[in-house]
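Visitor: I would like a close look at one part of this model, the run of paired strands and what is attached to them. Please take the strands in turn and then follow the contacts outward.

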Amino acid sequence: MPKHYLFYIEQPYSFAILRPLQNAIRANGDVVKWFLKGKDVNSSSLAPDETELLSVEDVKAFNPRAVFVPGNVVPDFFPGAKVQVFHGLEYKKKGHFGIRGFFDLYCTHGPITTAPFNQLAQKHGYFSVIETGWPKLDPYFDYTKQENEKPVILYAPTFSPNLTSLEALHAHIKQLAESGKYKVQLKFHPKTKQQWQQMYMELETISDFEIAGNDNLIPLIQQADVVISDTSSAVDESLLIGKPVITFNNHQPQDALLNITDASQLSEAVEQALNLSDAQSERIEQYIQQVHPYRDGKSAERILAATEAVIAAGLKRKPLNLLRRYKIRKALNYMKIN
């Protein structure tokens with residue numbers, strides 16, 4: 001009998017994270033369905049062969065064996081093991097190691113996140129940590145980069161007001177686009193303030209500037225020659241695919257990055273990134289081994305195996321977490337005890 005699995009999502013970027021996992025589930029002859037919560041996601045983003053469950057009762061009737069979640073919360077009253085797969089690789093952001101009492105399993109991406117989560121597992125005692133890699137990256141290691149007519153610079157800033165470079169780099173991004181030397185693409189984070197989006201929309205009159213509409217950042221990274229960011233998951237995603245990354249005031253700059261602290265340094269940094277030294281290439285490789293050493297495209301299969309191992313071992317009782325449980329029940333208009 002086919003096993004049932006559920007994807008619980010609240011943000012549009014979750015589709016790209018979970019679809020490789022969906023492929024792995026289907027390859028085993030099993031069934032997966034989606035539960036979309038909130039105004040930021042809707043069924044129009046689902047493919048024709050993807051099924052949405054519209055109510056808590058539908059979920060209970062479907063009775064999933066496990067619920068996979070890229071976000072931070074999941075209804076405790078949904079059946080099945082609750083599995084955190086994470087919405088990004090940016091472990092430096094506040095809250096990445098926050099434990100909210102919802103999950104039975106954390107599927108980490110590499111040693112740099114596995115070690116802290118193992119310490120937290122020992123402290124809390126009710127969840128497991130298994131290093132699997134990130135499913136979103138599975139389809140993207142085996143590709144052929146197209147030859148660009150001129151170097152493509154991808155600008156992928158974060159939305160966080162405390163970390164974003166959108167205001168500081170505006171004039172310099174404009175300068176790069178106007179130079180005629182590069183093609184500049186901008187990918188907004190879905191939560192970017194409208195006022196910042198509008199500021200950059202005004203640059204679309206420049207022939208070498210484009211705002212990308214694709215929900216999935218990875219194909220844009222693949223075809224870029226250089227990525228510019230700040231403190232964002234785009235940083236690690238780009239490094240893992242072997243791209244040189246320029247950051248502006250990165251929160252915790254590491255050797256693998258070309259980090260600048262003055263916006264006027266951007267143009268020089270772009271030229272440095274396009275002519276990367278052997279030493280800098282080696283620093284990128286060392287960082288990959290810490291953040292996400294898996295390049296076989298099989299992270300989704302490892303997540304399924306980890307999930308089954310945790311289920312077989314028996315799920316442990318989680319904290320009562322009454323306030324958070326109440327909030328999510330209220331949000332879903334579900335106040336039944338069972």
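Guide: What follows goes through the strands and then through the side-chain contacts around them.

The model is a predicted one, and the values below are computed from it.

Begin with strand 1, residues 4-9, and strand 3, residues 66-69, which run parallel and are joined by three bridges. Within this pairing, Phe7 stands opposite Phe68 of strand 3. In a regular strand, side chains alternate between the two faces of the sheet. Strand 3 can be read residue by residue: Ala66 and Phe68 point one way, Val67 and Val69 point the other way, and all are buried.

Strand 3 also pairs with strand 4, again in the parallel sense, and here there are four bridges. One point of contact is Val69, whose bridge partner in strand 4 is Gln84. Strand 4, residues 81-84, in turn runs parallel to strand 5, and two bridges join them. In this pairing Val83 has Leu105 of strand 5 as its bridge partner.

Strand 5 covers residues 105-108; Leu105 and Cys107 point to one side, Tyr106 and Thr108 to the other, and all are buried. The next pairing is between strand 5 and strand 6, residues 128-131, which is parallel and has four bridges. There, Tyr106 is bridged to Val129 of strand 6. Between these two strands the chain passes through helix 3, residues 111-124, and strand 5, helix 3 and strand 6 make a right-handed β-α-β unit.

Tyr106 has a further role in the list of contacts, as a member of one aromatic cluster with Phe86, Phe97, Phe103, Phe117, Tyr126 and Phe127.

The structure holds 18 aromatic pairs. One of them is Phe7 with Trp34, an edge-to-face pair with 4.9 Å centre to centre and 85 degrees between the planes. Because Phe7 is in strand 1 and Trp34 in strand 2, residues 31-36, this pair ties together parts that are 27 residues apart in sequence. Both Phe7 and Trp34 are buried.

Upstream of strand 2, Gly29 sits in the loop that leads there from helix 1 (14-27). Gly29 counts as partly exposed because its relative accessibility is 44%. Its C-alpha atom is separated by 18 Å from that of Pro48, 19 residues apart along the chain.

Turn now to charged contacts. The structure holds 14 salt bridges. Among them is the one between Glu308 and Lys3, with the closest N and O atoms 3.7 Å apart. This pair links distant parts of the chain, since Glu308 is in helix 10 (residues 299-313) and Lys3 is in the segment before strand 1, 305 residues apart. Glu308 has 19% relative accessibility and so counts as buried, the cut-off being under 20%. Lys3, with a relative accessible area of 33%, is partly exposed.

A second salt bridge brings together the side chains of Lys37 and Glu10, at 3.8 Å from N to O. Lys37 lies in the loop between strand 2 and helix 2 (56-62) and Glu10 in the loop between strand 1 and helix 1, so the pair ties together parts 27 residues apart in sequence. Glu10 is partly exposed, with a relative accessible area of 26%.

A third salt bridge is formed by Arg325 and Asp76, whose closest N and O atoms are 3.8 Å apart. Arg325 is in helix 11 and Asp76 in the loop between strand 3 and strand 4, and this pair too links distant parts of the chain, 249 residues apart. Arg325 is partly exposed at a relative accessible area of 21%, and Asp76 is partly exposed at 22%. Elsewhere, salt bridges with shared partners join Lys3, Arg65 and Glu308 into one network.

Helix 11, residues 322-331, also holds Tyr326. Tyr326 counts as partly exposed because its relative accessibility is 43%. Together with Leu323 and Met335, Tyr326 makes a nonpolar surface patch of about 330 Å².

One last strand can be added. Ile260 lies in strand 12, residues 258-260, and is buried, with a relative accessible area of 6%. The C-alpha atoms of Ile260 and Phe248 are separated by 5.0 Å, with their positions 12 residues apart along the chain.

How values were computed:
Residues are numbered from 1 along each chain as its sequence is written. This is a predicted model: local features need pLDDT of at least 70, side-chain atom pairs count only at pLDDT 80 or more; totals for chains, interfaces and linings use all residues. Side-chain values use heavy atoms; hydrogens and water are left out. Patches are made of residues with over 30% relative accessible area and no salt bridge: like charges are joined within 9 Å, nonpolar side chains (Val, Leu, Ile, Met, Phe, Trp, Tyr) within 5 Å. Accessible areas come from the Shrake-Rupley method with a 1.4 Å probe; for residues, only the protein chains shown count as cover. A salt bridge is a side-chain nitrogen of Lys or Arg within 4 Å of a carboxyl oxygen of Asp or Glu. Buried means under 20% relative accessible area, exposed over 50%, partly exposed in between (1.4 Å probe, protein chains only). Two strands pair if DSSP finds at least two bridges between them. A crossover is right-handed if, with the strands pointing away from the viewer, the path from the first strand over the helix to the second runs clockwise. Rings of Phe, Tyr and Trp (its six-membered ring) pair if their centres lie within 6.5 Å; planes under 30 degrees apart count as stacked, over 60 as edge-to-face and the rest as tilted.
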